Amino acid sequence: MRHRSVREIMSCVGICQQPPGASVRDGCRLMAEHRCGSVLVVERGRLLGIFTQRDAIERVFACGRDPDLTLLVEVMTREPDTIAAGASVDEAIRRMDEFGYRHLPVVDGRQVVGVLSLRDLSIEDLACMHAELESRRTIAERAW
């Protein structure tokens, strides 16, 4: 079943979001509660950033910061890339591979409708893209 859209495969368990003034602990609790690896940082309906498990490890815990005193706005990835809900799964895989994303906010127009996670991608989709991704890596390596 090829040529599916991002909207068709993304997990729809609700959008994990917090305001920028929420603490890292609050963001981590929300991720644990929803069993997801990212929290969107949103203010008045506008996506400001994304806070991920990786951000928690690298920008908070590894640096010895207090998760109760550190705000999401201080350690989030600002203005994250997004992908349109109608974009193809192949395009999502290309972007996630090229930039090393594990989580990619999904938008419909200007409205955030979810997050695409690597876990949402099927083995079949990834296998179909394998040759193209390897070719892209080879080209990139030769360019360096």
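In this predicted model, three strands make up an open sheet in which the order is β5-β6-β7 and the pairing is mixed. The edges of this sheet are occupied by β5 (83–84) and β7 (111–117), and because each of these has a single partner strand, one side of each is left without a neighbour in the sheet. Strand β6, which covers residues 103–108, runs antiparallel to β7 and is joined to β7 by six bridges. One of the residues involved is L104, whose bridge partner in β7 is L116.

H103 also belongs to strand β6, and with a relative accessibility of 16% H103 counts as buried, because buried residues are those under 20%. When its neighbours within four places in sequence are left aside, H103 is in contact with V115, L116 and S117, and also with G37, S38, I50, T52 and M96. Of these contacts, L116 lies opposite L104 as its bridge partner in β7, while S38 and T52 are bridge partners of each other, with T52 placed in β3.

The strands β2 and β3 form a further pairing. Strand β2 (residues 38–43) and β3 are antiparallel, and six bridges join them. The hairpin that these two strands form has two residues between the strands, and in this hairpin R44 takes a positive phi near 50 degrees. Strand β3 also pairs with strand β4 (residues 77–78), again in the antiparallel sense, over two bridges; here I50 has T77 in β4 as its bridge partner. Strand β3, made up of residues 46–52, is largely enclosed by the rest of the structure, because six of its seven residues are buried.

Buried nonpolar residues are grouped into cores, and the largest nonpolar core has 16 residues, among which V6, I83, I93, V106, L116 and L121 have the most contacts inside the core. Two or more residues of this core are given by each of the elements α1, α5 (89–99), β6 and α6 (123–143), and the largest share, four residues, comes from α5. For L121, the residues touched, not counting those up to four places away in sequence, are I9, V89, I93, M96, L116 and L126. A second core, separate from the one just described, has 15 residues, including A22, V39, V41 and V60.

S5 is found in the segment before α1 (6–9). The relative accessible area of S5 is 14%, and S5 is therefore counted as buried. Apart from neighbours within four places in sequence, the residues in contact with S5 are A85, G86, A87, S88 and V89.

A single aromatic pair is present in the structure. The pair is formed by F99 and Y101, whose rings are stacked, with a distance of 5.6 Å from centre to centre and an angle of 25 degrees between the planes. The arrangement is described as stacked because planes under 30 degrees apart are counted in this way. Both members of the pair are partly exposed, F99 at 47% relative accessibility and Y101 with a relative accessible area of 23%.

With regard to the cysteines, the structure holds zero disulfides. C36 takes part in no disulfide, and the nearest cysteine sulfur, which belongs to C16, is 3.1 Å away; because a disulfide requires two cysteine sulfur atoms within 2.5 Å, this separation does not meet the cut-off. C36 is buried, its relative accessible area being 17%. For C63, the closest cysteine sulfur is in C28, and at 14 Å from the sulfur of C63 this atom is too far for a bond. C63 counts as exposed, because its relative accessibility is 53% and the exposed class begins over 50%.

Finally, H34 lies in helix α2, which comprises residues 24–34. At 31% relative accessibility, H34 counts as partly exposed. The separation of H34 from I15 is 19 residues in sequence, and the C-alpha atoms of these two residues are 9.2 Å apart in space.

Notes
Residues are numbered from 1 along each chain as its sequence is written. This is a predicted model: local features need pLDDT of at least 70, side-chain atom pairs count only at pLDDT 80 or more; totals for chains, interfaces and linings use all residues. Side-chain values use heavy atoms; hydrogens and water are left out. Rings of Phe, Tyr and Trp (its six-membered ring) pair if their centres lie within 6.5 Å; planes under 30 degrees apart count as stacked, over 60 as edge-to-face and the rest as tilted. Buried means under 20% relative accessible area, exposed over 50%, partly exposed in between (1.4 Å probe, protein chains only). Two strands pair if DSSP finds at least two bridges between them. Contact means heavy atoms within 4.5 Å. A nonpolar core is a set of buried Ala, Val, Leu, Ile, Met, Phe, Trp, Tyr and Cys residues joined through side-chain atoms within 4.5 Å.
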